[in-house]
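Morning, everyone. I have one model to go through today, and I will keep to a few places in it. Please have a look at the slide first.

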Amino acid sequence: MAEEKYKIVVFGAFGAGKSTLIQTLDPQAKHIEAECAGGSTTIALDYGRVQIGEKRVYLYGTPGQERFEFAREIIGKGMDGAILLVDATSPVDEFVVHLSTSIIAARIPYVVLLNKCDAIGAQPDAAKAHFAGTETQTVSAKDRRGARDALERFIGTLRPHSIDKTA
């Protein structure tokens, strides 16, 4: 029997919660970071794996700074779907619009997950309005059940690659 597998790439701006989301979904996730003025930040990628029934999901988190466009392009090769994680406490800026536009131009199925909706100053309705017509869900990157439910719903909309378990 063939097992379904999916490569999902998580995009978003600096501080959106990409690393947190992946580590919440897979506590064994790998993370490559460096110290910066705001604390620490992903400088290469995050990598995690999640098993959902017969579906194996490989999660890749991308750096959230503009200067790492080359890394996002490399990490994104062969992806089955993308998650655009948006910080609902920040206005949707040019960089987030660029990420969305790039995903759309590549014809990759994607979902927008709005993070930090319960934080002071959050404006999830403004972010939802910006992404009208796109599947948008609210989620807390720190809530394992909610994050997993959002991932499962998204995976359910995708076409898988198959890997032969006998090989």
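Which side chain meets that of Glu152 in a salt bridge? The partner is Arg148, with 3.3 Å from N to O. Before going further, I should say that this is a predicted model. Both residues sit in helix H5, which covers residues 144–155, and because they are four residues apart there, about one helical turn separates them. Neither end of this pair is buried: Glu152 is partly exposed, with a relative accessible area of 34%, and Arg148 is partly exposed too, at 23%.

That pair belongs to a set of three salt bridges found in a search of the whole structure. Let me take the other two in turn.

The next one is in helix H2, residues 69–76. Here the side chains of Glu69 and Arg72 meet, with an N to O distance of 2.9 Å. The spacing is three residues, so again the partners are separated by about one helical turn. What is the exposure at the two ends, buried or partly exposed? Glu69 has 25% relative accessibility and therefore counts as partly exposed. Arg72 has 4%, under the 20% cut-off, so this residue counts as buried.

The remaining salt bridge joins Lys116 to Asp87, and the closest N and O atoms are 3.3 Å apart. This one is not within a helix. Lys116 lies in the loop between E6 and H4, while Asp87 is in strand E5, residues 81–87, so the pair ties together parts that are 29 residues apart in sequence. As for exposure, Asp87 counts as buried because its relative accessibility is 14%, whereas Lys116 is at 28% and so counts as partly exposed.

Staying with strand E5 for a moment. How many of its seven residues are buried? Seven of the seven are, so to speak of E5 as mostly covered is fair. Gly81, Ile83, Leu85 and Asp87 point one way from the strand, and Ala82, Leu84 and Val86 point the other way. Both sets are buried. Asp87, the salt-bridge partner of Lys116, therefore belongs to the buried set that includes Gly81, Ile83 and Leu85.

What does E5 pair with? Its pairing with E6 is in the parallel sense and runs over six bridges. Within that pairing, Ile83 stands opposite Val111 of E6. Together with helix H3, the two strands make a β-α-β unit, and that unit is right-handed.

Last topic, the backbone. Most residues other than glycine have a negative phi. Two residues here are worth pointing out against that background. Arg107 has a positive phi, near 60°. Where is Arg107 found? It is in the loop between helix H3, residues 94–105, and strand E6, residues 110–115. With 75% relative accessibility, over the 50% cut-off, Arg107 counts as exposed.

The other is Lys116, whose phi is also positive, near 65°. We have met this residue already, as the salt-bridge partner of Asp87. Its loop runs between E6 and helix H4, residues 124–130. Lys116 counts as partly exposed because its relative accessibility is 28%.

To recap the part around the parallel strands: E5 and E6 pair, H3 completes the right-handed unit with them, and the Lys116 salt bridge reaches Asp87. That is what I had.

Key. Residues are numbered from 1 along each chain as its sequence is written. This is a predicted model: local features need pLDDT of at least 70, side-chain atom pairs count only at pLDDT 80 or more; totals for chains, interfaces and linings use all residues. Side-chain values use heavy atoms; hydrogens and water are left out. Buried means under 20% relative accessible area, exposed over 50%, partly exposed in between (1.4 Å probe, protein chains only). A salt bridge is a side-chain nitrogen of Lys or Arg within 4 Å of a carboxyl oxygen of Asp or Glu. Two strands pair if DSSP finds at least two bridges between them. A crossover is right-handed if, with the strands pointing away from the viewer, the path from the first strand over the helix to the second runs clockwise.
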